[in-house]
Amino acid sequence: MARKVWRSVVVLSLVAVLLMTGFFGYFVYTVVSMEGLPPVDTALATRFYYANGDLLATRSVENRIEVSLSQMPEWVQKATIAVEDERFYSHPGIDVMGVARAMVRNLQEGRITQGGSTITQQLAKNLFLTHDRTLARKFQEATLTLHLERLYSKDEILEKYLNTIYFGRGAYGIEVAALTYFGKNARDLSLAESAYLVGLPQRPAMSHEAALRRQHIILAKMAELGYIEGPEQEAALAEELKFYQREAGQNTLTRYYIDTIISQELIHLPQYEDLDLLYRGGLQIYTTLDPQMQQAAEQAFRDFMPAPQRVDEHGVEQPQGALLAIDPRTGHIKAMVGGRDYRQTSYNRAVQARRSPGSSFKPLVYAAAMESAGFTAATRLECAPISIPTGQGPYEPTDYGGTFHHRHLTVREALMTSCNISSVKANLAVGPETAVEFARRMGIASPLKAVISLPMSSEATVLEMTTAFTPFANQGVKAEPLLVTRVEDSRGQVILEKKPRQQVVLDEGIAFIMTDMLKDVFSPGGTARHLADVVGRPAAAKTGTAERETNVYIVGYTPELVATVYVGNDNYSYSLVRGSTGGSVAGPIWANFMREALKDSPVSDFVQPDNVARVALCPESDLQQNPDCNLETTYEYFIRGTEPKEQCGPETCSGCRQQWWWPWQPYFWRNSP
């Protein structure tokens with residue numbers, strides 16, 4: 001019997017040896033014959049940057065930013081090795097001693113308290129495998145682990161591991177973990193912060209107290225292995241961790257800007273087939289947004305937007321609003337707000353909503369009249385009741401509130417007081433078709449009707465109106481609006497680059513004269529006179545109020561910045577509070593934004609071009625003032641050659657008549673050589 005048992009044991013042992021030999025041979029053959037690893041589809045976060053290089057936002061399936069090992073502090077690397085795989089640099093990928101030690105510890109504890117997986121094994125599992133606990137998966141893991149060790153150096157494996165693991169709170173990889181928990185880049189982490197983060201992947205959902213306990217364990221292990229000295233350990237334990245707290249609602253309004261980049265720029269890239277490029281492609285997108293100006297825009301909205309009057313059928317508070325600011329010299333969009341709260345409504349009123357800018361459109365008509373109809377700033381237009389026949393009956397415009405000035409206004413006065421009658425007459429003088437063509441050249445792309453009421457009844461987007469005013473601010477040069485300057489792929493290769501595109505669309509003299517007239521909007525009698533001290537620097541603007549006060553507008557600028565503010569109801573059926581105007585509602589938002597946005601910029605004024613002359617005029621005759629005229633002098637700018645050639649005299653000016661002391665003097669004055 002004993003002999004039979006012995007024979008059976010020998011046979012079974014031989015079979016086991018043969019099986020083990022075959023298994024090991026197959027395993028070695030599999031590793032050696034493997035030509036390459038399975039494709040890795042690691043999702044990388046797309047990053048959006050402010051114009052100054054600071055991180056603006058990310059978009060991702062897995063929020064991950066890959067960085068090189070050299071950009072990770074030594075503490076992170078040593079802490080990871082200490083707690084995860086202390087023989088990482090000496091084993092071939094599978095640590096037999098570590099597996100044996102873990103088995104003994106687990107048997108002693110009567111439960112699984114320690115794993116034997118190395119960093120390379122964990123990387124293989126994270127990159128290529130599921131987390132199923134099966135024999136087949138373990139075999140695949142071992143195979144892939146040895147192959148990783150054949151293809152990559154230890155430092156490369158550690159780098160991949162630290163860029164792959166999950167740290168909780170949606171953070172993949174050490175870089176995003178550092179940004180998420182401590183608001184800093186990984187390279188700037190302290191020893192205490194490094195040990196805290198390295199402890200999280202074991203159980204990412206652990207409590208803060210549990211994470212601190214694990215941090216202490218890691219620091220002790222680092223000291224045991226000689227990675228840190230005792231004083232360093234004590235200092236790290238004593239360090240008070242300062243966690244990054246994102247303010248409620250922070251950066252929600254910049255999502256209007258991000259959405260606009262995606263819809264207007266990214267979807268036109270040749271590489272863009274679907275959202276995978278955005279959410280997995282690891283793009284780096286460098287925008288034109290200025291963080292200080294964006295903050296100023298959001299603050300102005302919070303402080304000066306009128307209180308909600310109602311909630312519409314979609315659950316959106318009304319009225320809504322928008323702000324957009326452009327550097328007229330480059331076209332860079334520096335700030336954008338598309339509504340009160342992106343979480344409530346993603347509809348971007350800065351670029352999507354076509355609304356009536358009211359009288360803010362008038363400068364385009366007057367500039368067209370100066371270019372095509374011989375108008376000057378001193379041209380007079382009568383503001384009185386008028387009836388103009390049309391196919392739909394007589395058109396009988398009035399000024400705001402149904403009133404009239406009942407006198408002749410200069411173009412300067414008409415713009416300052418926002419006279420409707422004068423703008424209609426200017427439109428008739430230039431021709432509505434010509435006015436529409438001019439507006440398109442300036443930047444209005446929305447459909448415009450060549451009608452008599454064009455100065456008050458047109459519709460455009462905030463982006464278009466802002467663009468159309470850039471030639472006034474930039475000596476007649478229009479700058480096409482830019483959202484991004486450069487887009488790079490995950491390897492740093494430039495796949496899109498945009499430079500400023502500029503075009504001369506207006507005579508620089510007309511641009512300067514229009515600007516000088518629009519400065520008067522802040523003067524006594526102007527529609528924004530109460531805002532002059534708020535802005536605190538030379539500026540020009542035009543306010544607007546739509547019919548029935550459904551929405552209000554202001555477009556204004558300095559040499560450095562053009563900004564538009566719109567406030568109104570999404571539904572035209574509803575009006576704002578009675579008496580709302582562009583100056584009283586949109587104006588304070590605009591003025592406070594401009595003050596804060598430009599507070600660090602030197603004060604500058606608009607430069608008078610060589611083709612513009614400043615001429616002394618007689619206020620009574622609008623002719624050049626005779627040196628002997630005793631009326632108060634007014635000054636006006638003219639394109640050289642368009643100024644009055646004659647001087648005032650006794651037949652045209654009461655100030656001159658008072659000077660004649662004998663009856664025949666006018667005759668000799670007129671006929672003197």
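Q: Is A541 buried or exposed in this predicted model?
A: Start with where A541 sits, which is strand β16, residues 540-545. Its relative accessible area comes out at 0%. Buried means under 20%, so A541 is buried.

Q: Which residues is A541 in contact with, leaving aside its neighbours within four places in sequence?
A: One partner to look for is F522, which is 19 residues apart from A541 in sequence and 8.0 Å apart in space, C-alpha to C-alpha. F522 does turn up among the contacts of A541. The full set is L518, V521, F522, I554, V555 and G556.

Q: How far apart are the end C-alpha atoms of helix α19, and why does that agree with what the helix should span?
A: Helix α19 covers residues 462-473, so there are 12 residues to work with. At 1.5 Å a residue, they should span 16 Å. The model agrees with that, as the end C-alpha atoms of α19 are 17 Å apart.

Q: How many of the residues of α19 are buried?
A: The helix is mostly covered. The buried list takes in nonpolar names such as V462, L463 and F472, and it also includes E464, T466 and T467. The count is 12 of 12.

Q: Which residue just after α19 takes a positive phi, and at what value?
A: Look in the loop between α19 and β12 (477-479). The residue there is not a glycine, and at 42% relative accessibility it counts as partly exposed. Most residues other than glycine have a negative phi. The residue is Q475, with a phi of about 55°.

Q: What is the phi of H406, and where does the residue lie?
A: H406 lies in the loop between β10 (380-383) and β11 (407-410). With a relative accessible area of 57%, H406 is exposed. Its phi is positive, in a residue other than glycine, with a value near 55°.

Q: Which two residues does a cis peptide bond join?
A: Most peptide bonds are trans. Here the place to look is the loop between β7 (317-318) and β8 (320-326), where P319 lies. Omega is about 5° for the bond, and the residues it joins are Q318 and P319.

Q: Which elements give two or more residues to the lining of the largest cavity?
A: A search of the whole structure finds one cavity of 30 Å³ or more, and its volume is about 30 Å³. The lining is made up of T80, E84, Y161, L162, I165, F167, V198 and P201. They divide into six nonpolar, one polar and one charged. The elements giving two or more residues are α2 (74-84) and α6 (154-164).

Q: Is Q77 buried or exposed?
A: Q77 is found in helix α2. Leaving aside neighbours within four places in sequence, Q77 is in contact with L69, M72 and L158. The relative accessibility is 17%, and the cut-off is under 20%, so Q77 counts as buried.

Q: What percentage of the residues of the protein count as buried?
A: The secondary structure comes to 24 helices and 20 strands. Among contacts between residues at least 6 apart in sequence, 67% join residues at least 24 apart. Of the 673 residues, the share that counts as buried is 51%.

Q: Where does pLDDT stay under 50?
A: The protein averages a pLDDT of 86, and 85% of the residues score at least 70. One stretch under 50 has 16 contacts beyond four places in sequence, and that is residues 15-34. Another has nine such contacts, and that is residues 666-673.

How values were computed. Residues numbered from 1 in each chain as written. Predicted model: local features only at pLDDT ≥ 70, side-chain atom pairs only at ≥ 80, totals over all residues. Heavy atoms only, no water. pLDDT = per-residue confidence, 0-100. Contact = heavy atoms within 4.5 Å. 1 Å grid on protein atoms, 1.4 Å probe; cavity = no way out; pocket = protein on both sides within 12 Å on 5 of 7 lines; lining within 4 Å. Points joined across faces, edges and corners; volume = space filled by probe spheres on them. Helix = DSSP H or I, 4+ residues; strand = E, 2+ residues; numbered from the N terminus. Expected span 1.5 Å × (residues − 1). Buried < 20%, exposed > 50% of the residue type's maximum accessible area, 1.4 Å probe, protein only.
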